[in-house]
Amino acid sequence: MKKTSKWLLELLLLLMALLFLSPIYLMLVNSFKNRAELYENALAFPTSFSFQYYKEAMEKMNFFNAFGNSLYVTLVSVILVIVLASMTAWMLVRTDNKLSKIIFMTLVATMLIPFQTLMMPLMQVMDWIRTHLHIPMLNTHEGLIYMNVGFASGMAVFLYHGFIKSIPIDLEEAATIDGCSKFGVFWRIVFPMLKNITITVAILNVIALWNDYLLPSLTLADKGLRTIPLSTFYFFGEFTIVWNQAMAGLTLTIIPIVIFYIFAQKYIIKGIAAGAVK
């Protein structure tokens, strides 16, 4: 009976895996087909494997420029989130009073607010800052990075907060007695112990920011500033969609993040469990 249940469970998991991977399969096989093959049978393998549509997609997307833009925005945003959120969480944990608890709960509460409810007021505020304070918050990568850090900090502080609570304060007191400054205590003692949760925060934010379409579409207007998700817009016209090029472009879009995820995936469960449970 137990063996039968185990086989049924494994079969169910296999079917679910195939279901979740089916969009990837459709994207890959259709990226090699011409339009006639694509409309004839979207599920079938292509008659020949040619990278012609990948070449056309890269030219249409201005791929290397878009890749550089995405890389710059994602890396700088993630580094700032890690630095600012880890320091904020540390101070909130070690400053155990009502104000720190209110600040922490406010940051956690921001995770529950849908971005769609904030996007129009946010753009109005950013436009006001640009107009009256002459700070270029719109149509710049730096403005987009600023907003990315704001939206990503709540979850990052929550994860760091739970992990830092498990670090004995005795280590910090010993370092302080030895003459280490507050800044030194954090960067020399505390931060190296946050390796697992830091990698987890990095992975989650890299995946989210690399694939983000909505906020960059509201912020970046110039074609030269567009990130990779925005550059896929070229394939979807008002009246026609070049599906084979679109599939090739979408494949190019996810390849970097898939490679990154493969190398870093072992830290995800470990880091989230440690940060959320402790």
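α7 is the place to start: this helix supplies six residues to the lining of the largest pocket, the largest share from any element. Keep in mind that we're looking at a predicted model.

That pocket has a volume of about 500 Å³. Its lining counts 18 residues, and the ones closest to the centre are Phe 115, Asn 148, Gly 150, Phe 151 and Ala 152. Besides α7 (141-164), the helices α10 (195-210) and α11 (214-219) each put at least two residues into the pocket lining. As for chemistry, the pocket lining is made up of 12 nonpolar, five polar and one charged residues.

Now for the enclosed spaces. How many cavities of 30 Å³ or more does the structure hold? There are two, and here they are next to the pocket:

| Space | Volume | Lining by class |
|---|---|---|
| Largest pocket | about 500 Å³ | 12 nonpolar, five polar, one charged |
| Largest cavity | about 60 Å³ | six nonpolar, four polar, one charged |
| Second largest cavity | about 30 Å³ | five nonpolar, one polar, one charged |

Let's take the largest cavity next. Around it sit Ser 70, Val 73, Thr 74, Leu 144, Asn 148, Leu 209, Trp 210, Asp 212, Pro 216, Thr 227 and Pro 229. Asn 148 turns up twice, then: it is listed among the residues closest to the centre of the largest pocket, and it also lines the largest cavity. Which helix gives the most to the lining of this cavity? That's α4, with three residues. Helices α4 (63-94), α7 and α10 each hand over at least two residues here. So much for the larger of the two.

The second largest cavity has a volume of about 30 Å³. Its walls come from Arg 35, Leu 38, Tyr 39, Ile 241, Val 242, Trp 243 and Asn 244. Two helices, α2 (35-40) and α13 (243-264), give two or more residues each to that lining. Between them, α2 has the largest share, at three residues. By class, five of the lining residues are nonpolar, one is polar and one is charged.

Where does this cavity lie relative to the domains? It lies between domain 1 (1-49) and domain 2 (60-276), because both of them give residues to its lining.

To pull the helices together: α7 and α10 each supply at least two residues to the lining of the largest pocket, and they do the same for the largest cavity. The second largest cavity, for its part, draws two or more residues from each of α2 and α13.

Note on methods. Residues are numbered from 1 along each chain as its sequence is written. This is a predicted model: local features need pLDDT of at least 70, side-chain atom pairs count only at pLDDT 80 or more; totals for chains, interfaces and linings use all residues. Side-chain values use heavy atoms; hydrogens and water are left out. On a 1 Å grid over the protein atoms alone, a cavity is a set of points where a 1.4 Å probe fits but cannot get out, and a pocket is an open set with protein on both sides within 12 Å along at least five of seven lines; lining residues have an atom within 4 Å of a point. Grid points are joined across faces, edges and corners, and a volume is the space filled by probe spheres set on the points. Helices (H or I, at least four residues) and strands (E, at least two) are DSSP runs, numbered from the N terminus. Ala, Val, Leu, Ile, Met, Phe, Trp, Tyr, Cys and Pro count as nonpolar, Asp, Glu, Lys and Arg as charged, and the others, Gly among them, as polar. Domain bounds come from an automatic or database domain assignment.
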